[in-house]
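Work through the exercises below with the sequence and the structure at hand. Each task is followed by a solution in steps.

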Amino acid sequence: MPKMTCSHFGQCGGCALLDLPYEEQVARKRAKLQQTLSEFWTGDIPVTVTDDPKNFRNKVELGFCHQVKWRPDYDKKDPANKTRPLEFENALGFKLKGRWDRAVDITECVLFNDKLIPLLNAIRAWAKAENLDYYDQRKHTGVLRHLMVREGKNTGEEIVVLFVTDDFNEKTFVQAVQSVLPQANIMAAVNTGLADTAAPESLRVLKGKDHIFEKIFLTDASGKTEREVVFQLSPQSFFQTNTLTAQKMYSRVRRVVKALAPKRIYDLYGGAGSFSLSCADLCEKSICVESVAPAIYNGIENANLNGVSNVQFFCSKVEDFVKQHPIERKDALIILDPPRGGMHPKAAKAVAESGVERVLYISCNPVTLAADLKILTPHYDILQVEAFDFFPHSEHIETFVQMKLK
Ligand SMILES: C[S@@+](CC[C@H](N)C(=O)[O-])C[C@H]1O[C@@H](n2cnc3c(N)ncnc32)[C@H](O)[C@@H]1O
């Protein structure tokens, strides 16, 4: 596959490995993963790649930044710099590599679909015409803060969310977005907090609805679709950012679950129930434990949407859940999918001592995976390790570990 290029490479925090051909990126990530897990697994680690590593992301979150003009040749020691007045600029894009207070004003991007740049240009022109200030991260001033764009890769639905600190002309904003994405749902979110996150205090619909649908097709080993699952995604719902490779991973986990035929699945760190819903027809009951309440509400809605009635959702931290609800080991299977920080040691210990025959661990961070395997492997043997490249052009990789009680 030929190497991709981007004029922002090296500056933009969106991609770290774009200077390598995709096959080399994957080889490098595989070698690093192999090294990180070498204490536990010395066998081969096959990697399922992203078929088309261009435009694969289903969501981007970009920042509006009012910032001192970037001068790569800036010399602190040059006396002329002491008297030269500061020049400012506006940027809309990913954060500059290693900086929390600066964005790259992107004019191209290989991560999201081809409509992104025309959309950003329309929004830049709208902001200028409306005389709206971009947010200054240091002074905490300005109206325009973040822009989230999300699309259902298997449904074609789109949602655009503008995060602001104050009122703005909603009518002209809708017109600007519609000039590029006529079908998009459009929302406004108010975020006046100091933290630089796209976490809104309030959300309202400017056009269409407050969510989109995404679908995953779960396939058997021959590639034939066995099950479809529909997800309702609101701006805050967690969903894997690479739909097409994620559905390969969910299909793979489903095939393993099908072969094991458990009666009860513990879907720990379950989010909105992706694993539970993917495998609901393969077990009597699935118990989905997730600490974030809106994800649980999404999960309940998604279960209803898919006609699933055998998933029980618990809004709890896994470490608290395992203390209050001892895991019933008979005919059970545990699926673990913790966040980047890994498992709480108490949760890992409870799983290690659960006596459940099979544990499947899905991880987005090999380093914390290795820390958790230290606690799990005195009780469990590793049967297989494989990986999925959900995040082309970045250093990240998703790992899937199958374990069996010793
Ligand atoms: C990597 S996501 C996995 C989501 C889901 N399994 C999926 O495939 O969409 C990790 C999830 O764990 C949740 N989480 C983080 N810490 C947790 C904890 N201590 N107990 C329960 N859930 C937690 C996060 O809110 C997030 O939804």
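**Exercise 1: Cysteine 364**

Task: Decide whether cysteine 364 is buried or exposed in this model, and state where cysteine 364 lies.

Solution. The model is a predicted one.
- Step 1. The relative accessible area of cysteine 364 is 18%.
- Step 2. Buried means under 20%, so cysteine 364 counts as buried.
- Step 3. Along the chain, cysteine 364 sits in the loop between S14 and H10.
- Step 4. With neighbours within four places in sequence left aside, cysteine 364 has contacts with Pro338, Pro339, Arg340, Ile397 and Glu398.
- Step 5. In the UniProt record, an unreviewed entry, Cys364 carries the annotation "active site".

**Exercise 2: The sheet**

Task: Give the order of the strands in the open sheet of 8 strands, and explain why one side of S1 and of S12 is left without a neighbour in the sheet.

Solution.
- Step 1. The order is S1-S15-S16-S14-S13-S10-S11-S12, with mixed pairing.
- Step 2. S1 (47-48) and S12 (311-315) are at the edges and have a single partner strand each, so each has one side without a neighbour in the sheet.
- Step 3. S13 (residues 332-336) is paired with S14 (residues 358-363) in the parallel sense, over 4 bridges. In this pair, isoleucine 335 is opposite leucine 360 of S14.
- Step 4. Helix H10 (residues 366-376) packs on the sheet and touches S13, S14, S15 (380-388) and S16 (398-405). The direction of H10 makes about 160° with that of S14.

**Exercise 3: Phenylalanine 388**

Task: Find which residues pair with phenylalanine 388 from S1 and from S16.

Solution.
- Step 1. S1 and S15 run parallel and are joined by 2 bridges. Here phenylalanine 388 of S15 is the bridge partner of threonine 48.
- Step 2. S15 and S16 run antiparallel, joined by 8 bridges. Here the residue opposite phenylalanine 388 is glutamate 398 in S16.
- Step 3. Glutamate 398 also appears in Exercise 1, as one of the contacts of cysteine 364.

**Exercise 4: A pocket**

Task: For the second largest pocket, state the volume, the residues closest to the centre, and the element that gives the largest share of the lining.

Solution.
- Step 1. The volume of the second largest pocket is about 470 Å³.
- Step 2. The lining has 20 residues, of which Gln67, Val68, Lys69, Leu86 and Arg102 are the closest to the centre.
- Step 3. Strand S2 (residues 59-68) supplies the largest share of this lining, 3 residues.

Technical notes
Residues are numbered from 1 along each chain as its sequence is written. This is a predicted model: local features need pLDDT of at least 70, side-chain atom pairs count only at pLDDT 80 or more; totals for chains, interfaces and linings use all residues. Side-chain values use heavy atoms; hydrogens and water are left out. Two strands pair if DSSP finds at least two bridges between them. Contact means heavy atoms within 4.5 Å. Axes are lines fitted to C-alpha atoms, for helices over the stretch in contact, and angles run from 0 to 180 degrees between N-to-C directions. UniProt positions are given in the numbering used here, feature names are shortened, and annotations may be inferred rather than shown by experiment. Buried means under 20% relative accessible area, exposed over 50%, partly exposed in between (1.4 Å probe, protein chains only). On a 1 Å grid over the protein atoms alone, a cavity is a set of points where a 1.4 Å probe fits but cannot get out, and a pocket is an open set with protein on both sides within 12 Å along at least five of seven lines; lining residues have an atom within 4 Å of a point. Grid points are joined across faces, edges and corners, and a volume is the space filled by probe spheres set on the points.
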